[in-house]
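Okay, thanks for coming, everyone. I'll put the sequence and the model up on the screen, and then we'll walk through it together.

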Amino acid sequence: MRIKTTDEIAGFPLLKIRDLLKSKDFLCYENVATFLKTDQNRAKIVLAELIDLGFIEIDPDQISILYVKTVKGN
């Protein structure tokens with residue numbers, strides 16, 4: 001998949017989202033918000049779009065809501 005510098009996911013540059021997925025094995029609202037320097041509501045939107053695109057999924061083995069990368073997300 002070729003990435004263009006103008007591509008975005010939930011209003012964030014795709015390259016920044018790629019770096020987020022590379023840097024974390026588990027994602028939660030807090031670490032997405034911190035990484036993207038945004039609030040938790042925008043982080044929730046990013047996570048929802050990543051789920052819709054198939055890059056992450058909810059980790060069923062966790063008590064709290066954590067997201068893990070899918071094969072496509074790697």
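So, to start: how many bridges join S4 to strand S5, and which way do the two run? Three bridges, and the strands run antiparallel, with S5 covering residues 67–69. If you want one spot to click on, Ile56 stands opposite Lys69 in S5. Before I go on, keep in mind that this is a predicted model.

Now zoom out to the whole sheet. It's an open one with three strands, in the order S3-S5-S4, and the pairing is antiparallel. S3, at 26–27, and S4, at 56–58, are the edge strands; each has a single partner, so one side of each is left without a neighbour in the sheet.

While we're at that end, have a look at the loop between S4 and S5, where you'll find Ile65. Buried or exposed, what would you call Ile65? Its relative accessible area is 48%, so it lands in between, as partly exposed. Setting aside neighbours within four places in sequence, Ile65 is in contact with Leu27 and Cys28. Compare that with Asp52: Ile65 and Asp52 are 13 residues apart in sequence, and their C-alphas are 17 Å apart in space.

Right, helices. General point for the packing: you describe two packed helices by the angle between their axes and the distance between those axes. Here, the axes of H1, residues 14–23, and H2, residues 29–36, come within 11 Å and cross at roughly 130°. That makes H1 and H2 oblique to each other, and H1 passes H2 in a right-handed crossing. Who makes the contact? From H1 it's Lys16, Ile17, Asp19, Leu20 and Ser23, and from H2 it's Val32, Phe35 and Leu36.

Stay on H2 for a second. Its buried residues are Asn31, Val32, Ala33 and Leu36. What covers the buried residues of H2? The cover includes strand S2 at 12–13, H1, S3 and helix H3 at 40–53. And just after H2 comes Lys37, which has a positive phi, near 55°.

Last stop, the charges. The structure holds one salt bridge. The partners are Arg18 and Asp19, whose side chains meet at 3.9 Å, N to O. For anyone thinking about solvent there, Arg18 is partly exposed at 36% relative accessibility, and Asp19 is partly exposed too, at 34%. Asp19 also turned up a minute ago, in the H1 side of the helix contact.

Okay, that's my tour. Over to you.

Definitions and conventions
Residues are numbered from 1 along each chain as its sequence is written. This is a predicted model: local features need pLDDT of at least 70, side-chain atom pairs count only at pLDDT 80 or more; totals for chains, interfaces and linings use all residues. Side-chain values use heavy atoms; hydrogens and water are left out. Two strands pair if DSSP finds at least two bridges between them. Helices (H or I, at least four residues) and strands (E, at least two) are DSSP runs, numbered from the N terminus. A salt bridge is a side-chain nitrogen of Lys or Arg within 4 Å of a carboxyl oxygen of Asp or Glu. Buried means under 20% relative accessible area, exposed over 50%, partly exposed in between (1.4 Å probe, protein chains only). Axes are lines fitted to C-alpha atoms, for helices over the stretch in contact, and angles run from 0 to 180 degrees between N-to-C directions. Angles under 35 degrees count as roughly parallel, over 145 as roughly antiparallel, 65 to 115 as roughly perpendicular and the rest as oblique. A crossing is left-handed if the near helix is turned anticlockwise from the far one by less than a right angle, and right-handed if clockwise. Contact means heavy atoms within 4.5 Å.
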